[in-house]
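Please find below my note, set out as numbered points. I suggest reading each point with the structure open beside it.

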Amino acid sequence: MTELERLRRQIQSVMGELRYLTRLLSVVRDPPTKQLALQQLQSQIGYLTFLIGLLGERATLAESAGRSGQAQGQGRAGAMAAPPAVQRLPSEAEPSAPPTPPTRTFTPAELATFTGRNGKPAYVAVGGTVYDVTNNRAWSLATHFGLQAGRDLTAEFASCHGAQQWILGTLRPVGRLA
Amino acid sequence: MSNVLPPEPMDNESIAKRLLDEARARAKAGNLPRKRLVWLELTGCSGNIISLMNGFHPDLEYAITEMVDLVYSNSLMAAEGEAAIERLMATLDEEFILAVEGAVALRDEGRYTVIGRYRGEPLTALKAAQLLGEKATHVIAVGACAVDGGPSAAHPNLAQCVGLSDVVKRPLIKLPGCPCHPDWFLGTLAHLLMYGEPKLDDLRRPLLFYSTLIHDRCPRRPFFDQGIFAETLEDPTCLFKLGCRGPVTRVDCPTRLWNGHINWPIGASTCIGCSQFGFPDRMAPFVSFDATREVT
């Protein structure tokens with residue numbers, strides 16, 4: 001994941017630059033220096049936008065590479081040569097870019113292997129969607145009030161959190177239940 | 001312009017402290033009418049009254065000499081046998097506050113827990129809870145067993161133990177915890193004596209003690225936020241992966257601390273969620289290395 005690390009460091013340094021430039025702008029008086037600083041600010045923002053887009057692509061790539069290797073994912077990463085002055089996110093330019101979560105279909109038997117034990121992540125299914133609760137604070141040891149991960153918990157969720165559907169919005173979906 | 005005083009701190013600890021200071025002041029001034037308190041021990045381990053004896057500012061001695069008149073307590077009273085039960089029954093004709101610890105065993109008409117003999121007949125926990133529960137001015141369920149069955153009602157629950165609210169059909173004040181912290185009980189009692197029933201949440205627990213999650217006050221929280229998890233109990237980092245129930249338990253342990261306000265479970269091991277409903281079955285497993293085990 002050194003690629004990701006490098007990206008992160010780049011983003012951090014750009015943020016540092018942005019902070020410096022905004023402070024500079026607040027103290028500088030003469031117009032030429034102000035203009036220069038503004039131009040630099042613009043270009044740094046553009047670069048940051050590009051980096052964020054790249055980061056998004058990397059994250060999607062990491063997930064799709066782990067399952068069924070999609071060749072188009074690699075191709076898209078190669079075509080990521082957007083100039084720093086571009087204002088729109090690179091992913092917006094391509095309608096086939098996936099802002100939606102990856103949709104892998106789980107059979108109940110497959111889901112049952114994701115118990116959170118022995119290195120496996122913890123997944124639960126509610127209402128046909130499979131969510132990753134591995135690092136969810138309410139799911140220590142992949143258990144929640146006596147419920148085990150790796151199962152379809154639609155009925156249990158409805159009986160206890162039926163009036164709190166927003167809870168599902170805080171979970172990370174990883175696929176659908178077959 | 002009149003004097004504007006600085007705002008008083010409004011965190012739970014300060015409120016509880018002001019409460020207890022006022023109780024002390026009023027008792028001294030003689031403004032605190034000493035109500036009678038009946039402490040019933042039913043199907044439990046007596047952990048709650050032992051915990052009460054660990055009370056510190058105020059302590060039990062202060063509570064029973066200045067705050068209330070403890071008329072019946074299985075463990076603490078001097079009277080024995082028939083005399084003790086007679087005293088208990090005599091209280092039915094007086095005004096009293098009832099504090100109950102321990103669950104109620106239902107099997108065989110409650111004969112699995114007999115707390116004494118009254119006029120030749122065994123007095124079961126079930127009978128005592130029903131009789132006293134309907135006559136008391138206030139009923140406080142102290143400890144996990146009285147609140148929802150707790151360890152007494154853990155699988156397979158052969159004696160068919162239930163929480164007090166299944167037997168005493170009236171609004172109770174519930175103080176879960178295994179055991180209940182002495183401050184939680186004495187603070188609730190102080191509030192009850194001076195101002196009436198404290199503000200309760202949906203589960204009838206005083207908001208004064210049972211509002212914030214342990215997770216939100218935990219000193220190890222920065223490790224959780226950064227994703228640095230402990231792999232053994234000796235690590236000082238977040239114990240989430242070992243089974244800590246701090247994130248689902250609403251109580252003030254991180255700030256109030258135990259044993260005279262000096263230590264608490266997460267200082268050495270995981271939180272087992274003892275004051276959350278469903279303890280212990282729904283809080284299990286308490287500590288497990290399944291999630292941190294290296295996959296070979």
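1. Which residue in S6(B) is the bridge partner of B:Val114? It is B:Thr124. Please keep in mind throughout that this is a predicted model. B:Val114 and B:Thr124 belong to a pairing in which strand S5 (residues 114–118) of chain B and strand S6 (residues 121–124) of chain B are joined by 4 bridges in the antiparallel sense. As background, strands of a sheet pair through backbone hydrogen bonds, and the pairing can be either parallel or antiparallel.

2. The turn of this hairpin also deserves a look, since S5(B) and S6(B) have 2 residues between them, and B:Arg119 takes a positive phi near 50 degrees in the hairpin.

3. B:Thr113 is found in the loop between helix H5 (107–110) and S5 of chain B. Is B:Thr113 buried or exposed? Its relative accessible area is 11%, and because buried means under 20%, B:Thr113 counts as buried. When its neighbours within four places in sequence are left aside, the residues in contact with B:Thr113 are B:Leu42, B:Thr43, B:Ala105, B:Leu123, B:Thr124 and B:Ala125, and B:Thr124 is also the bridge partner of B:Val114.

4. In chain A, an open sheet of 4 strands follows the order S1-S6-S3-S2, and its pairing is mixed. Strand S1 (104–106) and strand S2 (123–126) of chain A stand at the edges, and each has a single partner strand, so one side of each is left without a neighbour in the sheet. From one strand to the next, the twist averages 40 degrees.

5. Within that sheet, strand S3 (residues 129–132) of chain A and strand S6 (residues 172–177) of chain A run antiparallel and are joined by 4 bridges. To find one of these links on the model, start from A:Asp132, whose bridge partner in S6(A) is A:Arg172.

6. Turning to open spaces, the largest pocket holds about 1,100 Å³ of space. Its lining is made up of 32 residues, and those nearest its centre are A:Ala138, A:His144, A:Phe145, A:His161 and A:Ile167. The elements that give two or more residues to this lining are S2, helix H6 (154–161) and helix H7 (166–169) of chain A, and H6(A) gives the most, with 5 residues. By class, the lining of the largest pocket has 18 nonpolar, 7 polar and 7 charged residues.

7. How many cavities of 30 Å³ or more does the structure hold? There are 2, and the largest cavity contains about 110 Å³ of space. Among the 13 residues that line the largest cavity, B:His215, B:Cys218, B:Cys238, B:Leu239 and B:Cys244 are the closest to its centre, while the lining by class has 9 nonpolar, 2 polar and 2 charged residues.

8. The second largest cavity has a volume of about 40 Å³, and the residues that line it include B:Leu37, B:Trp39, B:Ile49, B:Phe185 and B:Leu189. The elements of chain B that give two or more residues to this lining are strand S1 (35–41), helix H2 (47–53), helix H3 (60–67), strand S2 (68–73) and helix H8 (182–195). The lining of the second largest cavity has 12 nonpolar residues, with no polar and no charged ones.

Key
Residues are numbered from 1 along each chain as its sequence is written. Chains are lettered from A and ligands numbered from 1 in the order in which they are written. This is a predicted model: local features need pLDDT of at least 70, side-chain atom pairs count only at pLDDT 80 or more; totals for chains, interfaces and linings use all residues. Side-chain values use heavy atoms; hydrogens and water are left out. Two strands pair if DSSP finds at least two bridges between them. Axes are lines fitted to C-alpha atoms, for helices over the stretch in contact, and angles run from 0 to 180 degrees between N-to-C directions. On a 1 Å grid over the protein atoms alone, a cavity is a set of points where a 1.4 Å probe fits but cannot get out, and a pocket is an open set with protein on both sides within 12 Å along at least five of seven lines; lining residues have an atom within 4 Å of a point. Grid points are joined across faces, edges and corners, and a volume is the space filled by probe spheres set on the points. Ala, Val, Leu, Ile, Met, Phe, Trp, Tyr, Cys and Pro count as nonpolar, Asp, Glu, Lys and Arg as charged, and the others, Gly among them, as polar. Buried means under 20% relative accessible area, exposed over 50%, partly exposed in between (1.4 Å probe, protein chains only). Contact means heavy atoms within 4.5 Å.
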